[in-house]
Amino acid sequence: MTDGELERIDDRWRLRFSRRLAHTPEKVWRALTEPEHLAAWFPTTIEGDRAAGASLRFAHPEGKGPAFTGTMIAYQPPSLMEFEWGTDTLRFELRPDGDGTVLTLLDLFDEQGKAARDAAGWHVCLDLLGVHLDGEPAPDDRLSGWAQANADYTARFGPEAATIGPPGSAGA
């Protein structure tokens, strides 16, 4: 249940991750929406009102990449948040599961060639989310598992899903 799946949706591509977290939906929701929690696992800040239709701005920590914009599509605490994240559409769904929560992350995008790269990124981010929710310290190198995850997703999804490399690389 931790690995991402790649699916074709009309003329776009979608990554789907489902993770069971041993925390209440309310706690997971705070980690998805509050800046001090997002900083522990999400790749950018999320600036703007948390309301459907709101304009959003995303910035990378320490200016490691250009800021970009998006729009909040849906915001229904504590179960659904969907927004345009640059050219992607990200959707987070929370469902109670016993004493925990099932988090589903959907990432809809245009270019199949970035599927392995982005799957590896979301895989690592969701691992960091779990570490954060569990109260454990984050690893010193937050991206230490990315290269192996990228190789694994490239093998699973095929070479056509890995034509765009990591941001800042010649293939990006």
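**Figure 1. Strand E3 on strand E4.** Two strands count as paired if DSSP finds at least two bridges between them. By that rule E3 and E4 are partners: four bridges join E3 to strand E4 (residues 68–76). The two strands run antiparallel. Serine 55 is the residue to look for here, standing opposite threonine 71 in E4. Keep in mind, in this view and in those that follow, that this is a predicted model.

**Figure 2. The whole sheet, strand by strand.** In what order do the seven strands of the open sheet come? Reading across, you get E1-E2-E7-E6-E5-E4-E3, with antiparallel pairing. The edges are strand E1 (5–9) and strand E3 (55–58), each of which pairs on one side only. From one strand to its neighbour the average turn is 25°, with direction ignored. Helix H3 packs on this sheet, where it touches E1, strand E2 (12–21), E5, E6 and strand E7 (100–109). The direction of H3 makes about 20° with that of E2.

**Figure 3. The E1–E2 hairpin and its turn.** E1 and E2 form a hairpin with two residues between them. Five bridges hook E1 up to E2, and the strands run antiparallel. Glutamate 7 has arginine 14 in E2 as its bridge partner. Now for the turn: aspartate 10 lies in the loop between E1 and E2, and its phi is near 55°, a positive value in a residue other than glycine. Most residues other than glycine have a negative phi. Is aspartate 10 buried or exposed? Aspartate 10 has a relative accessible area of 71%, so it counts as exposed, the cut-off being over 50%.

**Figure 4. From E4 to E5, with a cis peptide bond on the way.** A hairpin takes E4 to E5 through three residues. Proline 78 sits in that loop between E4 and E5. The peptide bond from proline 77 to proline 78 is cis, with omega near -10°. Most peptide bonds are trans. Back on the strands, four bridges join E4 to E5, which run antiparallel. Methionine 72 has phenylalanine 83 in E5 as its bridge partner.

**Figure 5. Strand E5 beside strand E6.** How many bridges join strand E5 (residues 80–85) to strand E6 (residues 88–97)? There are six, and the strands run antiparallel. Tryptophan 85 faces aspartate 88 across the pair, with aspartate 88 on the E6 side. Aspartate 88 turns up in the next two views as well, as a contact of aspartate 118 and of lysine 114.

**Figure 6. Aspartate 118, tucked into helix H3.** Aspartate 118 belongs to helix H3 (residues 115–133). Its relative accessible area is 10%, and since anything under 20% counts as buried, aspartate 118 is buried. Which residues does aspartate 118 touch, leaving aside its neighbours within four places in sequence? They are Leu15, Asp88 and Asp107.

**Figure 7. Lysine 114, in the loop before H3.** Lysine 114 is in the loop between E7 and H3. With 11% relative accessibility, lysine 114 counts as buried. Setting aside its neighbours within four places in sequence, it is in contact with Asp88, Phe109, Ala161 and Ile164. Glutamate 160 is 46 residues away from lysine 114 in sequence, but the C-alpha atoms of the two are 8.8 Å apart in space.

**Figure 8. Helix H3 crossing helix H4.** H3 and helix H4 (residues 146–157) pack with their axes 8 Å apart, at an angle of about 135°. That angle falls short of the over-145 cut-off for roughly antiparallel, so the pair counts as oblique. The crossing of H3 past H4 is right-handed. On the H3 side, the contact residues are Ala115, Ala116, Arg117, Ala119, Ala120, Gly121, His123 and Val124. They meet Trp146, Ala149, Asn150, Tyr153, Thr154 and Phe157 in H4. Sort the residues of this contact by type and you get nine nonpolar, four polar and one charged.

**Figure 9. Alanine 39, out in a loop.** Alanine 39 is placed in the loop between helix H2 (35–38) and E3. Its relative accessible area is 53%, which means alanine 39 is exposed, the cut-off being over 50%. Phenylalanine 92 is 53 residues from alanine 39 along the chain, and the C-alpha atoms of the two are separated by 17 Å.

Notes: Residues numbered from 1 in each chain as written. Predicted model: local features only at pLDDT ≥ 70, side-chain atom pairs only at ≥ 80, totals over all residues. Heavy atoms only, no water. Buried < 20%, exposed > 50% of the residue type's maximum accessible area, 1.4 Å probe, protein only. Contact = heavy atoms within 4.5 Å. Axes fitted to C-alpha atoms, helices over the stretch in contact; angles between N-to-C directions. Parallel < 35°, antiparallel > 145°, perpendicular 65-115°, else oblique. Left-handed = near helix turned anticlockwise from the far one by under 90°. Nonpolar A, V, L, I, M, F, W, Y, C, P; charged D, E, K, R; others polar.
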